[in-house]
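The following exercises concern nonpolar cores and salt bridges. Each task is followed by a worked solution.

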Amino acid sequence: MRLTKLMKFEAFIVVARISWEQKKAIIYLNPEFAKKNGIREGDVVSVIKGERKANFRVKFLDTAPENGGMIPNSIYTSYLLDFNTFKNFRAYIEIVEEEESKPEEIVDIIMNKK
Amino acid sequence: MICTGCSCLCDDIEFENGKILNACEKGFRHISGYKERRAKNIVNGKEVDVDTAIDKALEILKSTKKAVIYGLDTSTVEAQRIAIKISEKLNCYIDDNSSFCLGEFVEAILKKEVPTSTLEEVRDKAYVILYWGTNPYHSLPRHMSKFTYYPRGSKRNRGYDEDRFLVVIDVRKSEVAKLAKKNARFIKVENDIELIESFLKAIEGKASKYDVAGILREMKRADFNVIFGGLGLKYGLKGNYSYLYNLIKKINEFTPLFFIPAGFHSNMRGFNETLFEEVRAINKFSFLEKKSSPSFAFSELVKNENVDVAMIVGTDPLSSLPYEVSRKLLDMKKIVIDPRETITAKIAEVSICSAFSGIETEGEMVRSDGIRVKLSPIDKSEIDDVYIFKKILEGL
Ligand code: SF4
């Protein structure tokens with residue numbers, strides 16, 4: 001059992017456009033930040049913002065912010081955010097033993113929570 | 001062919017032996033993948049022919065007094081004009097993505113509050129090229145190679161590492177920020193307003209939080225400098241746009257500095273200009289109240305339940321707008337017109353498959369710097385936005 005699986009980390013997350021097609025829920029973490037917090041490439045992390053959360057598969061990217069990561073513009077970021085935090089936000093992340101979120105799951109949440 | 005993959009509207013796309021030449025990866029995907037994941041004509045979950053779907057859309061639009069037409073940023077100017085006529089006829093609201101994207105910057109340019117220029121002028125003359133809150137590597141992939149930093153211009157012919165000075169301002173060291181090495185600066189910004197204050201202090205020769213005096217010195221050496229402002233800058237200003245415009249004005253007192261917005265849908269500027277020509281407003285307009293207002297932004301109308309029908313064109317609000325807005329979309333009737341299958345279309349009462357502007361339909365678009373571009377499609381679809389909107393307009 002990895003000790004870091006029990007911990008939550010605060011992260012600064014930038015929401016950015018990417019040019020390649022992005023369907024999956026992926027968070028690009030700064031490699032140094034991830035290693036410091038015991039997160040490995042391929043892990044699934046929950047990004048928790050207030051009452052809402054979504055799961056993302058971790059990839060490393062050295063252009064991600066030093067103290068966190070980058071998530072491409074997507075239904076996942078739209079679900080987590082409001083207009084005040086549309087381009088970047090602070091959130092908690094934790095390693096989970098679950099799959100990454102799917103668009104249909106987010107749609108279901110949106111439809112049920114109305 | 002003109003690529004309509006982003007607001008660069010690159011005009012040098014060619015085809016040779018089945019290969020697409022000159023496009024970036026984003027453009028290549030946009031052009032080569034246009035037949036994939038196409039929308040279907042659907043009414044209440046059942047597939048129908050296009051005219052039945054248009055008839056149902058008409059029925060819904062006629063049944064309400066509180067409609068909004070939203071999107072249109074990938075439609076041609078010709079289609080946008082008809083959509084504006086539909087809004088006028090319905091006495092309803094019309095808005096596009098610019099109300100949460102870079103609309104304020106385009107508005108300032110159209111109202112001549114900031115000096116602007118064209119990408120060709122930038123290529124030929126610009127010395128300091130400042131990207132603020134935008135990462136063209138992803139959003140406008142050929143911006144730097146075709147128009148701004150890398151090409152030799154008529155007055156900048158010694159190559160980028162001698163004849164350009166690159167400045168990148170961003171919250172992170174993005175791909176473009178990594179290019180800031182020789183003759184360049186990267187500023188990692190935490191607070192855009194404080195950065196503007198630093199520039200203003202540096203103009204007065206005072207010390208400040210961010211060290212920007214060197215950038216101003218470089219600007220003074222040239223007779224043409226430019227800021228490309230993106231979404232990061234817009235949101236960093238937190239509504240205080242006049243701070244930025246005042247800074248540009250102050251710098252122009254001692255050296256020429258132009259401003260061009262950077263990073264939006266292929267014809268967002270076209271929508272802003274087309275609506276501006278008609279009603280002197282660029283977005284969030286009510287034909288009933290004959291004015292534009294922040295409360296008429298699509299997101300506000302939906303959030304505050306001020307509309308009960310939305311005709312959504314070429315955009316996917318369920319996946320692109322915050323939860324507080326998207327959850328309210330469920331409470332209204334939705335007509336989605338899009339060439340591509342979208343998440344919003346899946347929950348819409350009516351979905352109509354349209355054509356890809358520039359690939360399957362001709363017309364005009366407006367580049368990010370205001371240059372009008374005639375599209376040259378490689379395919380032809382009878383059913384495009386113009387066809388659909390004309391039918392709706394005639395039926396009203
Ligand atoms: S930069 Fe934009 S317009 Fe040019 S080829 Fe790439 S996607 Fe198309």
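A nonpolar core is a set of buried Ala, Val, Leu, Ile, Met, Phe, Trp, Tyr and Cys residues joined through side-chain atoms within 4.5 Å; buried means under 20% relative accessible area, exposed over 50%, and partly exposed in between (1.4 Å probe, protein chains only). The model is predicted: local features need pLDDT of at least 70 and side-chain atom pairs pLDDT 80 or more, while totals for chains, interfaces and linings use all residues. Residues are numbered from 1 along each chain as its sequence is written, chains are lettered from A and ligands numbered from 1 in the order written, and side-chain values use heavy atoms, without hydrogens and water.

**Exercise 1.** Determine which residues have the most contacts inside the largest nonpolar core.

*Solution.* Step 1: this core has 108 residues, and A:Val47, B:Trp132 and B:Leu244 have the most contacts inside it. Step 2: domain 1 (38–100 + 266–395) and domain 2 (103–261) of chain B, with bounds from an automatic or database domain assignment, both contribute residues, so the core lies between them.

**Exercise 2.** Classify each partner of the salt bridge between B:Arg38 and B:Glu360 as buried or partly exposed.

*Solution.* Step 1: a salt bridge needs a side-chain nitrogen of Lys or Arg within 4 Å of a carboxyl oxygen of Asp or Glu; here the N to O distance is 3.1 Å. Step 2: B:Arg38 has 21% relative accessibility and therefore counts as partly exposed. Step 3: B:Glu360, at 8%, counts as buried.
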